[in-house]
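Reader: Hello! I'd like a close look at one part of this model, the helix packing towards the end of the chain, and then a walk outwards from there. Could you take me through it at the level of individual residues?

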Amino acid sequence: MRTKNSIKNTSVSFITNLLTIVIGLIAQAIFIKILGSEYLGINGLFSNIISMLGIVELGVGSAIIYHLYKPIAEENIKKVKALMNFYKKCYTIIALIILTIGLMITPYLNLFIEEVTIDINISLVYILFIIEIVCSYLLSYKRSIINANQKNYLVNFIHIGYLVILNILEIIILVLTKNYYLYLGIKIGMRILENVGITILANKLYPYLKNNNEKLDENTKKDIFQKVKALFFHKIGGFIVLGTDNIIISKFIGIIEVGLYSNYYMIIDAVEKLFGQVIKVITPSVGNMLVKESSEKSFEIFKRVRFLNFWIATFSGISLLVVMNSFITVWIGSKYLLATCVLIVLVLNYYAKSMRSCHMIFKEAAGIYYEDRYIPLLESVLNIVASLILLKYFGLAGIFMGTIISSLALYCISYPKYVYKKLFNRSYLNYTKETLGYLSIFLVLAFITYKISRLIVINNAFLSLIINCLIAVVIPNLVLLIIFWHTDNFKYYLNLLKSFKK
């Protein structure tokens, strides 16, 4: 049943994310054409600031979802109701805190922006961003029980509907009015409608959640608060490492560069979500497995998931390296290209981030938050210090080099100690061999594929894009196939595919 649910969730997530990417690219191209890069830069900057406010959530959602796995598996409805009622109260308080802190920051927005030449009320734009994030917390808590029940695909159906309608309305507003305020306003309205839709779905699937006044026991509350304390460090670390890039670029380089980077970020983020869903949607299944299965069985699944994670990260990372500039040239024009050295660093950063997925889902499913609570702080310090130093020598590329360096805190301490050792009682040596082995294959394969793509020079941008896509699809997958053809991990997925054909 776990495999069936994971496959269903993965398939639906992949299709919905693919549609989302296509629609988003069209909307982004129209946005740039009508409003320009400076508006795009403001969008990216405020999105980063809003993600900073998201720290207030403190990981309450992750902690409660972890506690849902066991009562759902045991069909303990009373405990599920108590957790969901507690979740509702927490998210209401969080929404109010974010609104308050967000409004308090408004007078100090000039600290994040060096200079803006367009005629726009920055404070009003920022407040509209604040309202949207507040709305995202209201009524959204019920999606957690759907996800914990391994029915992510149902939430994804609603989400793709929200995104399709949102992007269509945004395009219409931009074309007809060119009004940025209306553009942001429609996002708020659609966010509310999405949450209402998910609430209606959850109430239909789990009618016992309606009129829910069940109280949560003190021991569970205590455990949740302990995990929340640890998750606070993870939230801070995650924001500083992954959410401060646009703020640093805006302050030290300029808002126009934020806009240029936003195009690359949109594509990288889209690819990450598209392929990352293949790994992330199995989190509820992993949580269910860790409750029911032995350590040996869990480690066997872990190795298979990590192998799949590596193949996806390698293929998608190399595809970004080879195809990115050709795609942007066809999509919005060559004037929006960044230097090749920046692209290379972005791809390395993408690989490092993508390879986190397997470890993260096992950590989250096992509720490992408290043990490595200080690791994100170390990661944050490394990121800020390295980014600011390397910025002076390498410019924009230096900012992302700092992010790569900060990942060492996770790969050298957190993952081997708290996943390999704690969950599976495996040695650091095995972890090191496997991690460096995968990294070496990625680097060599990326170099070879990129060099081959540069040997073919064609003046037609669209034809060049097609050829680069073919190179990115064929070469990495063919070489990986040759390397891993006789391994147990590959045979497992091959047999899995064969079983679907029967």
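Author: Happily; what follows starts with the helices you asked about and then moves on to other parts of the chain. Please keep in mind that this is a predicted model.

Let's begin with helix α18, which spans residues 408-424. Its axis and that of α19 come within 10 Å, and the two cross at roughly 120 degrees. α18 and α19 are therefore oblique to each other, and their crossing is right-handed. On the α18 side, the residues that take part are Tyr411, Tyr415, Pro416, Lys417, Tyr420 and Lys421. They meet Tyr428, Asn430, Tyr431, Glu434 and Thr435 of α19. Sorted by class, this contact of α18 with α19 holds 6 nonpolar, 2 polar and 3 charged residues.

The loop between α18 and α19 deserves a pause, as Asn425 lies there. Asn425 has a positive phi of about 55 degrees, although it is not a glycine. With 60% relative accessibility, Asn425 counts as exposed, because the cut-off for that class is over 50%.

Now follow the chain into helix α19, residues 428-455, and on to its partner α20, residues 461-484. These two helices pack at an angle of about 145 degrees, and their axes are 10 Å apart. Here, too, the crossing is right-handed, as α19 passes α20. From α19, the contact draws on Tyr438, Ile441, Leu445, Thr449, Ile452, Ser453 and Arg454. Facing them in α20 are Asn468, Ile471, Ile475, Pro476, Val479, Leu480, Ile483 and Phe484. By class, the residues where α19 touches α20 are 11 nonpolar, 3 polar and 1 charged.

For another helix pair to set beside these, go back along the chain to α4 and α5. Their axes come within 9 Å and cross at roughly 170 degrees. That makes α4 roughly antiparallel to α5, since the angle is over 145 degrees. α4 brings Tyr91, Ile94, Ala95, Ile98, Leu99, Gly102, Leu103 and Ile105 to this contact. Across from them, α5 offers Tyr126, Ile127, Ile130, Ile133, Val134 and Tyr137. The contact of α4 with α5 divides into 13 nonpolar residues, 1 polar residue and no charged ones.

Helix α5, residues 122-137, also holds Leu128. Leu128 counts as buried, because its relative accessibility is 16% and the cut-off is under 20%. Leaving out residues up to four places away in sequence, Leu128 touches Tyr181, Leu184 and Ile188. Leu182 is 54 residues from Leu128 along the chain, and the C-alpha atoms of the two are separated by 10.0 Å.

Just ahead of α4 there is another backbone detail. Glu75 is found in the loop between α3 (60-73) and α4 (77-105). Phi of Glu75 is near 55 degrees, a positive value in a residue other than glycine. Glu75 is exposed, with a relative accessible area of 69%.

From the loops we can turn to the interior. The largest nonpolar core has 150 residues, and the members that touch the most others are Phe46, Tyr126, Ile146, Tyr180 and Phe362. Helix α13, residues 295-331, supplies the largest share of this core, with 18 residues. Tyr126 also belongs to the α5 side of the contact with α4.

Helix α13 is where you will find Ile328. At 0% relative accessibility, Ile328 counts as buried. Apart from neighbours within four places in sequence, its contacts are Tyr264, Ile267, Gly333, Tyr336 and Leu337. If you want a distance to check in your own viewer, the C-alpha atoms of Ile328 and Ser387 are separated by 26 Å, with their positions 59 residues apart along the chain.

Last comes a residue in the helix α1, residues 2-35, namely Ile34. Ile34 counts as partly exposed, as its relative accessibility is 26%. Setting aside residues up to four places away in sequence, Ile34 touches Leu174, Val175 and Lys178. Ile34 and Val347 are 313 residues apart in sequence, and from C-alpha to C-alpha they are 29 Å apart in space.

How values were computed: Residues numbered from 1 in each chain as written. Predicted model: local features only at pLDDT ≥ 70, side-chain atom pairs only at ≥ 80, totals over all residues. Heavy atoms only, no water. Core = buried A, V, L, I, M, F, W, Y, C linked by side-chain atoms within 4.5 Å. Buried < 20%, exposed > 50% of the residue type's maximum accessible area, 1.4 Å probe, protein only. Helix = DSSP H or I, 4+ residues; strand = E, 2+ residues; numbered from the N terminus. Axes fitted to C-alpha atoms, helices over the stretch in contact; angles between N-to-C directions. Left-handed = near helix turned anticlockwise from the far one by under 90°. Contact = heavy atoms within 4.5 Å. Nonpolar A, V, L, I, M, F, W, Y, C, P; charged D, E, K, R; others polar. Parallel < 35°, antiparallel > 145°, perpendicular 65-115°, else oblique.
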